[in-house]
Amino acid sequence: MTVEIIKTRQELDSTRSNLAGPIGLVPTMGNLHLGHISLLEASLKDCDNTFITIFVNPKQFGPNEDFNRYPRTLEADIELIKNKAQSFNKNIYIFAPQNPEEIYDQHSNYEIEVIPLSSVLEGHLRPGHFRGVATVVYKLFDLIKPNKAYFGLKDYQQLLVIKNMVKDLLLPIEIIPMEIIREPSGLALSSRNQYLSQEQRDQSLILSLTLNHISNIIENTFTNLDKAQVFISKCLIDKNWNYLEIRDGDTLEMVSKHTKNIVILGVYQLGTTRLLDNKKIELKKI
Ligand code: AMP
């Protein structure tokens with residue numbers, strides 16, 4: 001059992017070149033919670049060696065977003081990871097570059113453009129966000145060369161962006177989607193939840209409750225979609241919703257007769273904090 005903390009690309013290269021056997025990768029921005037830990041545990045179960053990366057990626061934040069105040073808790077993160085390495089008796093390599101130049105050369109001109117998922121939902125509201133995500137994940141894939149990489153369904157659109165990138169660029173990596181981990185109240189765990197005041201925490205429950213309610217209206221059939229849309233229109237009177245939409249679960253296009261499963265996606269904003277959540281439903285055609 002080893003836990004190695006790697007800060008530079010050079011150290012990463014030399015560590016990686018000595019490893020054999022299945023390699024798992026869990027990319028994160030740190031401030032680890034049980035959502036991240038569920039991804040780490042899955043990799044520890046599946047793989048001999050696991051890399052977890054902790055990097056607050058400047059390229060995926062817009063100019064008015066929370067890059068500067070994003071919680072950075074590296075020491076506590078390392079402790080959590082060490083405990084997991086011990087209980088699974090496996091090797092974990094923590095790649096936590098302190099200097100963005102370990103990832104981005106000052107003179108680099110090339111980025112991964114995401115078409116067409118970057119123009120809808122999160123992509124529409126956060127221009128450049130998915131380009132930043134895809135670019136950093138591509139680089140981490142290239143540096144670490146994992147066999148499997150673990151991503152949360154919590155960031156549903158991000159997961160599709162990564163899956164499509166792997167497919168289109170023929171990357172030999174299996175993407176493993178992981179279920180959303182929630183608080184008992186239903187609120188999906190997120191590093192950004194700590195921005196919420198107690199009052200906002202109470203208000204935030206509307207997000208998962210609404211998604212569940214819409215899911216109950218739809219009841220696994222196509223027939224009730226109209227009813228669900230009427231309910232959504234009423235919800236959207238509340239201007240805290242950035243969006244609340246029913247989409248095709250595979251493409252994020254509008255639901256059509258080709259749709260096999262659907263996803264309800266919502267972002268509810270409290271103050272400056274945007275809370276993302278979604279719920280997927282397999283449709284039974286009747
Ligand atoms: P982040 O550190 O927010 O970039 O997240 C790193 C990874 O953890 C991403 O694949 C997220 O989708 C995943 N993740 C974040 N929150 C949760 C959650 N509540 N349940 C499951 N996975 C999550």
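This passage describes the nonpolar cores and the salt bridges of a predicted model. Local features were considered only at pLDDT of at least 70 and side-chain atom pairs at pLDDT 80 or more, whereas totals for chains, interfaces and linings use all residues. Residues are numbered from 1 along each chain as its sequence is written, and side-chain values use heavy atoms, with hydrogens and water left out.

The largest nonpolar core (buried Ala, Val, Leu, Ile, Met, Phe, Trp, Tyr and Cys residues joined through side-chain atoms within 4.5 Å) has 44 residues, and F51, F141, I162 and I175 have the most contacts inside it. Buried denotes under 20% relative accessible area, exposed over 50%, and partly exposed in between (1.4 Å probe, protein chains only). Helix 5 (129-144) is among the elements that each supply at least two residues of this core, and its nine residues form the largest share. Helices (H or I, at least four residues) and strands (E, at least two) are DSSP runs numbered from the N terminus. Another core, of 21 residues, lies apart from the largest one and includes L196, L207, L244 and Y268.

The whole structure contains 11 salt bridges, each defined by a side-chain nitrogen of Lys or Arg within 4 Å of a carboxyl oxygen of Asp or Glu. In one of them, R192 pairs with D66, the closest N and O atoms being 2.7 Å apart. R192 lies in the loop between strand 6 (174-178) and helix 7 (198-218) and D66 in the loop between strand 3 (49-54) and helix 3 (74-88), so the pair ties together parts 126 residues apart in sequence. D66 is buried, at 12% relative accessibility.
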